[in-house]
Amino acid sequence: MVFDPTSHKLEPGVAEFYRHAMNELQEHGVDFLVGGAYALRVYTEIERHTKDLDLFVRRVDRDRALAVLEAAGYKTEVTFPHWLGKAYHLGQYIDIIYSSGNGLCDVDDEWFNHAIEGDCLGVPVRCVAPEEMIWPKAFIMERERFDGADIAHVLHACAKTLDWNRLIDRMGDNWRALLSHLILFGYIYPGERANIPEWVMTQLMTKLQAELSANGAPNRLCQGTLLSRAQYLVDVESWGYRDARMKPRGSMSEEEIKIWTQPIKEAAA
């Protein structure tokens, strides 16, 4: 699988920035996977140039990756300690990603065990597998960004070969988010509904029916914060709901949530 550098309308020097950064990481033994728009193109042939390159690393490799890029001459920062660092050059940047904004999708060995061999801008790389593309994207439902179309397009291309058991395991207790995207897929592509295995829909719908039949106690938990860092703040700050991102239910500390939320409040000020 090849990412053709001539097909992307990159500003002068940007492609070289990306190539140089990837080569430096490889030469210093830092494992990474290419994701984002570049990986999306591998599976769907959809070309979408953004102002960044997404590189996924294990959390333990974050500081080493940023140190290598800083030594290569690029400005670096730990943008949000719980999931994201960046390297800057020529007004562009590379995202060094080791989890997800909601703290659910840590980059672990399984990302690398199932990665796809490829070529990005002339550099031999490994690409994020479709299951790991869908997993974090399933939770991105911001007012200004919704990744449902990306998921639909990945499913359109990969549903017949997807490791569905592995994806369902990845989603865990958040299977409702996956089910919502699968229902939308059948709405978007009525002629391709059968590409989603019947057993997958049956298993998830059985879970749903079991929940509908249960008489559980009132639960003042808001999982909307796993889908949007902005749109459900009123629930956890004013309406008395517990934040599903917070430990021990989630993986984030109060301080990490505060850092992640602060730019929203600054923009609204």
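A salt bridge is taken here as a side-chain nitrogen of Lys or Arg within 4 Å of a carboxyl oxygen of Asp or Glu. By this rule, the predicted model contains 21 salt bridges. Side chains of opposite charge can pair when their charged atoms come close.

A good place to start is Glu110, which takes part in two of the pairs described here. Its salt bridge with Arg166 has the closest N and O atoms 3.0 Å apart. Because Glu110 belongs to helix α4 (residues 109-113) and Arg166 to helix α7 (residues 164-171), this pair ties together parts that are 56 residues apart in sequence. The two partners sit in unlike surroundings: Glu110 is partly exposed, at 25% relative accessibility, whereas Arg166 is buried, with a relative accessible area of 7%. Glu110 also meets the side chain of Arg170 in a salt bridge, at 4.0 Å from N to O. Here again distant parts of the chain are linked, with Arg170 in helix α7 and Glu110 in helix α4, 60 residues apart. Arg170 counts as buried, at 13% relative accessibility.

Elsewhere, Asp243 and Arg245 form a salt bridge whose closest N and O atoms are 2.7 Å apart. Asp243 is buried at a relative accessible area of 11%, and Arg245 is buried as well, at 1%. A network of salt bridges links Asp31, Arg58, Asp61, Arg64, Asp109 and Arg126.

Helix α7 also holds Asn165, which is partly exposed, with a relative accessible area of 46%. The C-alpha atom of Asn165 is separated by 9.9 Å from that of Glu131, 34 residues away along the chain.

Turning to the packing of the helices, what do the buried residues of α6 pack against? They pack against α2 (36-44), α5 (130-137), α7 and α8. The buried residues of helix α6 (residues 148-158) are Gly148, Asp150, Ile151, Ala152, Val154, Leu155 and Cys158. One of the partners, α2, has 8 of its 9 residues buried, so this helix is largely enclosed by the rest of the structure. The buried set in α2 consists of Gly36, Ala37, Tyr38, Ala39, Leu40, Val42, Tyr43 and Thr44. Glu45 follows α2 and has a positive phi, near 65°.

Another partner of α6, helix α8 (residues 175-188), includes Tyr187. Tyr187 is exposed, with a relative accessible area of 66%. Together with Phe146, Leu184 and Ile188, Tyr187 forms a nonpolar patch on the surface, and the four residues have about 440 Å² of accessible area together.

Backbone geometry offers a few more points of interest. Most residues other than glycine have a negative phi, and most peptide bonds are trans. Leu90, although not a glycine, has a positive phi of about 55°. Leu90 lies in the loop between β5 (84-89) and β6 (92-97) and is partly exposed, with a relative accessible area of 46%. Leu121 likewise has a positive phi, near 55°, and is found in the loop between β7 (116-120) and β8 (123-127). Leu121, however, is buried, with a relative accessible area of 1%. A cis peptide bond, with omega of about 5°, joins Lys247 and Pro248. Pro248 lies in the loop between β10 (242-243) and α11 (254-268).

How many disulfides does a search of the whole structure find? The search finds 0. The sulfur of Cys105 is 17 Å from the closest cysteine sulfur, that of Cys127, which is too far for a bond. For Cys222, the closest cysteine sulfur is in Cys105, 17 Å away, and that distance is also too far for a bond. Both residues are set away from the surface: Cys105 counts as buried at 1% relative accessibility, and Cys222 counts as buried at 8%.

Finally, a word on confidence. The mean pLDDT of the chain is 93, with 96% of its residues reaching 70 or more. Over residues 1-7, by contrast, the pLDDT is below 50. Beyond near neighbours in sequence, this stretch has 22 contacts in the model. Where pLDDT is low, the predicted coordinates should not be read in detail.

Notes: Residues numbered from 1 in each chain as written. Predicted model: local features only at pLDDT ≥ 70, side-chain atom pairs only at ≥ 80, totals over all residues. Heavy atoms only, no water. Patch = residues over 30% accessible without salt bridge, like charges linked within 9 Å, V, L, I, M, F, W, Y side chains within 5 Å. Areas by Shrake-Rupley, 256 points an atom, 1.4 Å probe, with all protein chains shown as cover. Helix = DSSP H or I, 4+ residues; strand = E, 2+ residues; numbered from the N terminus. Buried < 20%, exposed > 50% of the residue type's maximum accessible area, 1.4 Å probe, protein only. Disulfide = S-S within 2.5 Å. Contact = heavy atoms within 4.5 Å. pLDDT = per-residue confidence, 0-100.
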